[in-house]
Amino acid sequence: MTTIVTQRTSTPHWPVPQERRTVTVLFADIVGSSALVERLDPEDVRALQQAYFDTVAGVLHRWHGVVEKYVGDAVMALFGARHSDGFDAYRAVRAGLEIQAALDRRPMVGDITLRVRVGVATGEVVVDLGSAVDGGHGVASGAVITAAARLQEYAPPGAVALCAATARATAGLIAQRQLAPVTGRVPPAPVWHAVGPVRPSADPHDGPLIGRRRELATVRDQLSRAVREHSPRWVSLVGPTGSGRSRLLHELTTSLTTVDGVAVRWCVAACQPYPDQVLAPVADLLREFAGIRHGAGPAVVRDRLTATLTPLLPPARVAAAVPALERLLATPDGSAVSLAGAAACRDALLRLAAQRPLIVAVDDLDRAAPAVSRFLHALFTAASARGLPLAVVTLHQPHWADTRPGTARRVAVRPLATVQSGRLLRLLLTRAGQPVALVDRLLPMVGGRPGHAAAYVRSIVDGADPAALPLPDDVHRAVGAELDRLDGERRAVLMAAATLGGVTAGAMLDRALGWTPGRCGPVLRGLVAAGLLVPRRAGGYAFAAPALRRLAAERLPRALRAVFARRAGDGAQVDVTHPDAVERNDGSAPDRPTAVAVAVPVAVPVAVPVAVPATHRADDPATARRPDTPRIARPAPVRRFWTTAPSGDVPPDRSAAALAPTRTAQVATPALRSIAGGDRSPGVYRTPAPVPAAPVVPESSVPRPLRRRGALTVVRAAPGVARAVPRPPLIHPLGGLAASA
């Protein structure tokens with residue numbers, strides 16, 4: 001039986017009661033139930049229904065599905081309604097296949113057999129988080145629920161039908177067969193039939209490694225010292241999904257083949273999501289060690305094991321170890337027999353390390369059962385006691401409750417630098433036959449994660465519009481899992497911060513969430529410690545990953561977004577010279593042109609717009625706010641700015657009619673055009689609306705901090721009269737980064 005181990009949040013308090021979530025819906029119904037009920041006695045019908053519902057509910061619970069309702073003989077369940085691990089669709093399809101295996105043509109009550117249709121659909125819904133428990137009717141609302149019910153009608157008896165989104169989410173994990181499109185719908189809906197789980201293929205990793213010199217050097221040094229000094233080392237590569245951990249491991253296995261002229265042997269295994277057997281990674285290590293392919297026959301397995309163990313063990317030990325290892329490869333289920341095979345595998349690896357240096361690597365260890373960690377610890381402890389040239393390399397995500405030994409070295413796989421991300425995007429776009437100019441568009445979205453860069457390029461190759469790129473499906477699933485690992489308060493703070501802007505402060509978040517002042521402080525510090533937020537030296541917090549901010553904002557329903565914005569706007573202050581006063585537009589939220597109208601004592605409809613571009617860096621000393629810079633309240637976003645002053649301040653030699661503007665001029669700099677109401681896509685600026693020309697104002701009316709900060713340029717036209725012209729701020733163009741890459 002499959003053993004499922006996941007981490008769930010435990011905080012019962014949810015400041016955000018509803019979320020827009022991508023969930024997977026499973027709908028199962030009995031074939032011919034009406035005719036079956038008509039010919040059976042009511043007591044038999046009752047017994048049959050109880051056996052059917054108990055079987056289905058048991059399977060759904062094992063795969064962490066939430067049974068929302070029973071509709072007659074049909075069962076509807078949700079996967080990912082409150083917590084997501086990134087494999088909701090996979091778990092739903094596995095549950096559907098297991099339901100069919102448990103029910104199809106099997107006697108349930110007496111000699112009565114049942115046939116069931118199952119439909120699985122994935123899509124966006126609004127979820128009531130407080131009701132996301134078994135029997136919580138009305139938990140989710142969305143078209144995907146109807147789609148799942150329709151799919152099961154189109155599924156053959158005994159089959160599991162998938163929608164296109166579910167098929168994409170399980171590609172490479174579930175064997176699928178596409179069926180004829182469903183007619184009667186415009187356009188016809190494609191349908192897939194799930195065949196069964198398959199072993200995922202390894203990533204090719206055929207491109208050059210970009211960046212990672214420091215991480216690579218650190219790990220190579222640790223592994224080389226383990227070989228030279230006969231002192232075992234344990235190295236953990238820690239990073240989120242898409243950070244490039246597996247790519248770094250591939251580089252190590254291909255480059256570190258000898259140490260001081262001595263050949264090094266690698267044994268590498270990867271933990272699959274929800275393996276059918278708890279010791280499957282240990283069995284994969286044995287296959288790597290003995291050179292046995294998956295699906296090899298019993299005779300081939302026996303011969304390969306015998307040939308591998310003969311140089312390492314005495315003949316009597318070989319005869320006893322081969323049967324135990326065969327059972328481990330056949331059924332690595334954690335039973336006493338398979339545990340005996342794991343002990344024999346550990347002994348064989350230690351014998352090999354005594355003859356030549358050995359490095360054992362396990363990828364995605366956070367997916368494995370505790371039995372795999374115990375195996376690695378026993379191997380490392382025995383090697384340390386014997387002084388063998390052995391090293392253990394593990395790869396996992398930061399959230400995992402790591403049980404490494406105290407002497408282990410933790411190497412964080414951090415985001416790539418901006419220039420390195422640009423180089424990677426150029427390489428990926430060139431290999432995909434796409435314009436290299438798209439680097440400017442994609443660079444702010446990838447957040448330094450190589451996996452995200454590859455996903456965005458694949459989405460463009462698949463036909464996505466580069467001007468309005470959605471989050472790729474795999475990025476959406478991975479980032480959603482990162483968000484769901486947080487408790488309710490941290491999730492609420494991230495969602496509020498994502499809605500209010502690119503850089504937010506604790507006081508604004510307290511107002512938005514309706515919390516007492518200071519409550520957000522510890523939560524924000526915890527998010528910084530988790531690597532999800534980055535503190536700015538000028539004040540406030542910014543998102544470490546653009547995809548996380550985008551998904552966190554999209555999860556909030558429209559009504560909650562409006563409530564947060566209204567609360568935060570009450571008493572909100574904006575620093576004119578703060579480089580991050582304007583949120584960065586990464587495509588996840590509508591443009592919000594921000595400007596400050598400085599009122600001047602002139603009896604003409606003029607104003608001085610001071611725009612702060614989104615491309616300023618918060619840590620740039622040239623743009624950091626000085627203590628003497630005043631704060632001016634944020635006005636409503638407008639495209640033209642006018643203020644009127646008393647007529648007594650009009651210069652005596654000029655009338656208001658003469659000073660009234662007769663023409664308009666477009667702002668010359670791209671940054672000011674974008675703030676004034678144009679499209680502010682990264683690297684692309686368009687100006688649909690003109691703005692007033694710079695007015696003539698008394699020099700004394702220009703605030704001294706604005707002149708000192710360079711926001712206004714004073715051009716003397718006459719004694720006591722100056723022309724206040726908005727000065728274009730320093731821009732860090734994305735195109736320059738791409739060109740340098």
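**Asking how we know**

User: Which residues of helix 15 meet which residues of helix 16, and what makes that a contact?

Analyst: His452, Ala455 and Arg458 in helix 15 meet Asp474, Val475 and Val479 in helix 16; contact means heavy atoms within 4.5 Å. Those residues divide into three nonpolar, one polar and two charged, with Ala and Val counting as nonpolar, Asp and Arg as charged, and His as polar. This is a predicted model, where local features need pLDDT of at least 70, side-chain atom pairs count only at pLDDT 80 or more, and totals for chains, interfaces and linings use all residues. Residues are numbered from 1 along each chain as its sequence is written, and side-chain values use heavy atoms, leaving out hydrogens and water.

User: Why is His230 called partly exposed?

Analyst: Its relative accessibility is 42%. Buried means under 20%, exposed over 50%, and partly exposed in between (1.4 Å probe, protein chains only), so His230 counts as partly exposed. You'll find His230 in the loop between helix 6 (213-229) and strand 11 (233-238), with a positive phi near 50°.

User: Why does Asp260 count as exposed?

Analyst: Asp260 has 58% relative accessibility, and therefore counts as exposed. Asp260 sits in the loop between strand 12 (258-259) and strand 13 (262-263), and its phi is also positive, near 55°.

User: How do you know that the span of helix 11 agrees with its 20 residues?

Analyst: The expected span is 1.5 Å times one less than the number of residues. For helix 11 (residues 336-355) that gives 28 Å, and the end C-alpha atoms are 29 Å apart, so the two agree. Buried residues in helix 11 include Ser338, Gly341 and Leu352.

Terms used: Helices (H or I, at least four residues) and strands (E, at least two) are DSSP runs, numbered from the N terminus.
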